[in-house]
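Trainee: I have a chain open on my screen and would like to talk it through with you. Can we take it piece by piece?

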Amino acid sequence: MEESKGNEFIQMIRQLWNEQKKREVLYLEALKKDGMGPFRRVLSQGHVSAVLFQKEIRAVYDYFKCFLNDKELADQNQITSHSSLQLLEAANGKEEVASCLKKIEAATLQLYKSLRHYLDREPEAQRLMDEHLTRTSEFYEMLCKLESGSQRSYGLTAAA
């Protein structure tokens, strides 16, 4: 990977890892809220997927790290996470919680889409990121339905 493309890749993979860290924290916080009822299953699966995706993103990062020179992945978006957490804490009801989480999912989806062209020559890493993209899209769609109040069944059929 050429150096300028490598630096962009480093930034994007770090941003993606941080978005997944933010998802982990926010889904966990949403699970602590009262009145979530059957939505708890979706929240639990969102939390588990965020933790799993962080581990898989780290594996992709570590694979490329032998070709790149960079610092370890770390949660460097604490200010953004804090403001997102405050919005979630202020949310009342499933619809408002879904709205907060939907924003995080949208940002995460955008990062996955932006990262795709860096993985053209690495089919296994691209397959993994495509799986993450598909799964995150499912969460996003479910949150859209919940936010509008049109979905009454909150369960996911696929495992996180």
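Trainee: Let's start with a single residue: in which helix is the place of S44?

Mentor: S44 has its place in helix 2, and please keep in mind throughout that this is a predicted model.

Trainee: Is S44 buried or exposed, or in between?

Mentor: S44 is partly exposed, because its relative accessible area is 31%, and partly exposed covers the range between the 20% and 50% cut-offs. In space, the C-alpha of S44 is 7.1 Å from that of Y27, although the two residues are 17 apart in sequence.

Trainee: And Y61, where does that one sit?

Mentor: Y61 is also a residue that lies in helix 2. Y61 has a relative accessible area of 1%, so it counts as buried. The C-alpha atoms of Y61 and A125 are separated by 9.5 Å, with their positions 64 residues apart along the chain.

Trainee: Stepping back, what does the secondary structure of the chain come to?

Mentor: The chain has five helices and zero strands, and reading along the sequence gives the pattern α-α-α-α-α.

Trainee: What share of the chain is buried?

Mentor: Of the 160 residues in the chain, 47% are buried. As for the surface, the chain exposes about 8400 Å², and carbon and sulfur atoms supply 51% of that area.

Trainee: How much of the contact list comes from residues far apart in sequence, say 24 or more positions?

Mentor: Among contacts in the chain with a separation of 6 or more, residues 24 or more positions apart account for 75%. One pair that is distant in sequence is Q15 and L111, which are 96 residues apart along the chain while their C-alpha atoms are 7.5 Å apart in space.

Trainee: Which helix holds Q15, then?

Mentor: Q15 has its place in helix 1, which covers residues 3-32, and with a relative accessible area of 42% this glutamine is partly exposed.

Trainee: Changing topic to packing: what do I need in order to describe two packed helices?

Mentor: Two numbers describe such a pair, namely the angle between the axes and the distance between them.

Trainee: Good, so at what angle do helix 2 and helix 4 pack?

Mentor: Helix 2 (residues 39-65) and helix 4 (residues 93-115) pack at about 25°, and their axes are 13 Å apart. The two helices are therefore roughly parallel to each other, since angles under 35 degrees count that way. Helix 2 passes helix 4 in a left-handed crossing.

Trainee: Which residues meet there?

Mentor: From helix 2 the residues are F39, L43, F53 and I57, and they meet K94, V97, A98, L101 and Y112 of helix 4.

Trainee: How do helix 2 and helix 5 pack?

Mentor: Their packing angle is about 155°, with the axes 11 Å apart, and helix 2 and helix 5 are therefore roughly antiparallel to each other. The crossing of helix 2 and helix 5 is left-handed. On the helix 2 side the contact is made by F39, V42, Q45, G46, S49, F53, E56, I57, V60 and F64, while helix 5 contributes A125, L128, M129, H132, R135, T136, F139, M142, L143 and L146.

Trainee: And helix 4 against helix 5, at what angle and distance?

Mentor: Helix 4 and helix 5 pack at about 155° with their axes 8 Å apart, and they are therefore roughly antiparallel to each other. The crossing of helix 4 and helix 5 is left-handed.

Trainee: Helix 5 keeps coming up, so what is its reach from first C-alpha to last?

Mentor: Helix 5 has 26 residues and reaches 37 Å between those two atoms, close to the 38 Å expected at 1.5 Å a residue. Helix 5 is followed by G149, whose phi is positive, near 80°.

Trainee: Which residues of helix 5 are buried?

Mentor: The buried residues of helix 5 are A125, Q126, L128, M129, H132, L133, R135, T136, F139, M142, L143 and L146.

Trainee: Why is Q126 put among the buried ones?

Mentor: Q126 is counted as buried because its relative accessible area is 17%, and the cut-off for buried is under 20%. Q126 lies in helix 5, which spans residues 123-148. Leaving out residues up to four places away in sequence, Q126 touches R116, L119 and D120.

Conventions: Residues are numbered from 1 along each chain as its sequence is written. This is a predicted model: local features need pLDDT of at least 70, side-chain atom pairs count only at pLDDT 80 or more; totals for chains, interfaces and linings use all residues. Side-chain values use heavy atoms; hydrogens and water are left out. Helices (H or I, at least four residues) and strands (E, at least two) are DSSP runs, numbered from the N terminus. Buried means under 20% relative accessible area, exposed over 50%, partly exposed in between (1.4 Å probe, protein chains only). Contact means heavy atoms within 4.5 Å. The expected span of a helix is 1.5 Å times one less than its number of residues. Accessible areas come from the Shrake-Rupley method with a 1.4 Å probe; for residues, only the protein chains shown count as cover. Axes are lines fitted to C-alpha atoms, for helices over the stretch in contact, and angles run from 0 to 180 degrees between N-to-C directions. Angles under 35 degrees count as roughly parallel, over 145 as roughly antiparallel, 65 to 115 as roughly perpendicular and the rest as oblique. A crossing is left-handed if the near helix is turned anticlockwise from the far one by less than a right angle, and right-handed if clockwise.
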